[in-house]
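Trainee: Could you take me closely through one part of this model, namely a single chain, from its domains to the side that it turns to its partner?

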Amino acid sequence: MTKKKCRVSELFLYGAIYLCAAVSIVLLAYIIIYVLQKGLKSITPTFLTTVSSARKGTVGIAGNIVNTILIILVTMLFATPIGIGAAIYLNEYAKPGKLVSAIEFATETLSGIPSIIFGLFGMMFFGETLGLGYSILTGSLTLILMVLPLITRNTQEALKTVPDGYRNGAIGLGAGKWYMIRTILIPSAMPGIITGVILAIGRIVGESAALLFTAGSAKLLPKSFLGIFDKIFQSGGTLTIQLYLSATSEGDFDSAFGIAVVLLVIVFAINLITKKLTRRFDVTRNSN
Amino acid sequence: MLQEIVTEMERRIMANNVKIKVENLDLYYGDNHALKNVSMDIYENKITAFIGPSGCGKSTFLKTLNRMNDLVENVTITGKVSLDSEDIYAQKVDVTQLREHVGMVFQQPNPFPMSIYDNIAYGPRVHGIRDKHKLDQIVEESLRGAAIFDEVKDRLKKSALGLSGGQQQRICIARALAVRPSVLLMDEPTSALDPISTSKIEDLMEELKKQYTIVVVTHNMQQALRVSDYTAFFLVGECVEYGDTKTLFSYPQDKRTEDYITGRFG
């Protein structure tokens, strides 16, 4: 009797769990299909390779793609070494104690602050006080503050999982600390470091609030190759900013969904690359 | 010529030259007095075993011999440790060079997550050897020295983590040999290994002592009896008794040594 009852409740729970799983998958699939359905028709060579122009009557996001790439590059150029360096300091050099826990607490809190607050700060400090105005650089500097915790935390977690045996082994052979870190720790922590970097790139690609009033919304392409460097000091809207503008002030929903499709593809690609890279750099994996 | 080398080797094995001299060594972890006034002569081309129950300080003492304790916070060391009559705790001593002379093998086999070749070449590279030809030669010599060359010669470029525990430990021995030390410290080198791997390592130690001075920490008294020439018995930070292995096991002078080796505690 009780056995039977037990089986019924088990069955019910089973069903409930499957239902939960199904709901989350179906919702995700529905969003993707919805976006693709509305946006795919906007994806044309012109859309991807030109800049919107009233004179030529074209709608295009090439400028925004370039701006997005520029913001990623400039941000990561600074955030990656600083983040990894901070993690190495915290894990390998700093004496565990109040200061380290305070820094760890601060980084954790920093990563939970709403991005619009970073934006506000970035606009006032980098834009006004440092006089950088609306520019890719102002946006990047703001984003550095936002993604640093991601890189630092991930690197730190990765360093923590490196067995002490590696450290002792290297030191016991006469290696100096920095030599040991360079040759043993960083290669061993590489998968974690890459995960942090890719997550940071993902965050940059998806960020809009913090960029809205730091990087501006210009969508012109740089005039020449060298113009790219000038562009860093000029206003430049990323894909997400353009999506926001298209969907609100411009009322151009076709373009908005078109950009959404592009962003989906980028996020998908980033995830794929992360998987490939982390596996490629996993030195602890046996290769027989 | 060959005869001369053999007699020279025999002379070195027979003679009791002091390789490491420890005088009145005290070590504190913070307030914890972990080693109490230890004095000991460790002889060249002999195997010296440290035995004693867990936490008696035998591993700590081993680590003072290549200054691995320097890494630990709040350590205070007083007394004198000399290697070939040179004080290794003197101001001018470069620990990198010290560890070139005193190699170490750990309890858990800890090959680095890289190829077998790079594992062995790690130490020589630390000490500035870059020449490919020379490295090749050192790698082969070291692997032969650790009696594992034939098992791995066809897979030098493969990850060392793919090897068995016993093979990994011999890789670690080879890695230590590659910096051409004169002393080899082994911290319970077989405690993580199966009996067959253990006996291979023990045979290897017998072979290695012709060229190296070996100090081994072991919690296995049978092992100390099998492989060592000298044995030191430690108890709560104190070196209770030290002497010729056979004598120590047959005629222990101290009651505590006798109790330990007859299995009354530990």
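Mentor: What follows takes up the domains, then one helix, and then the contact between chains. The model is predicted, and local features need pLDDT of at least 70, side-chain atom pairs count only at pLDDT 80 or more, and totals for chains, interfaces and linings use all residues. Residues are numbered from 1 along each chain as its sequence is written, while chains are lettered from A and ligands numbered from 1 in the order in which they are written.

In chain A, the assignment, automatic or from a database, gives domain 1 as 2-42 and domain 2 as 45-281, and their C-alpha centres lie 33 Å apart. Seven residues of domain 1 of chain A are in contact (C-beta atoms, placed from the backbone, within 7 Å) with eight residues of domain 2 of chain A. On the domain 1 side of chain A, these residues comprise four nonpolar, two polar and one charged.

Helix H4 of chain A (98-112) has 15 residues that should span 21 Å at 1.5 Å a residue, and its end C-alpha atoms, 21 Å apart, agree with this. H4(A) is hardly covered, with one buried residue (20 or more other C-beta atoms within 10 Å of its own) among its 15 residues.

Turning to the partner, the contact takes 20 residues from chain A and 24 residues from chain B. On the side of chain A that touches chain B, helix H7 (164-172) and helix H8 (177-206) of chain A each supply at least two residues, and the largest share, six residues, comes from H7(A). By class, that side of chain A has eight nonpolar, 11 polar and one charged residues.

Note on methods: Contact = placed C-beta atoms within 7 Å. Nonpolar A, V, L, I, M, F, W, Y, C, P; charged D, E, K, R; others polar. Helix = DSSP H or I, 4+ residues; strand = E, 2+ residues; numbered from the N terminus. Expected span 1.5 Å × (residues − 1). Buried ≥ 20, exposed ≤ 12 C-beta atoms within 10 Å, placed from the backbone.
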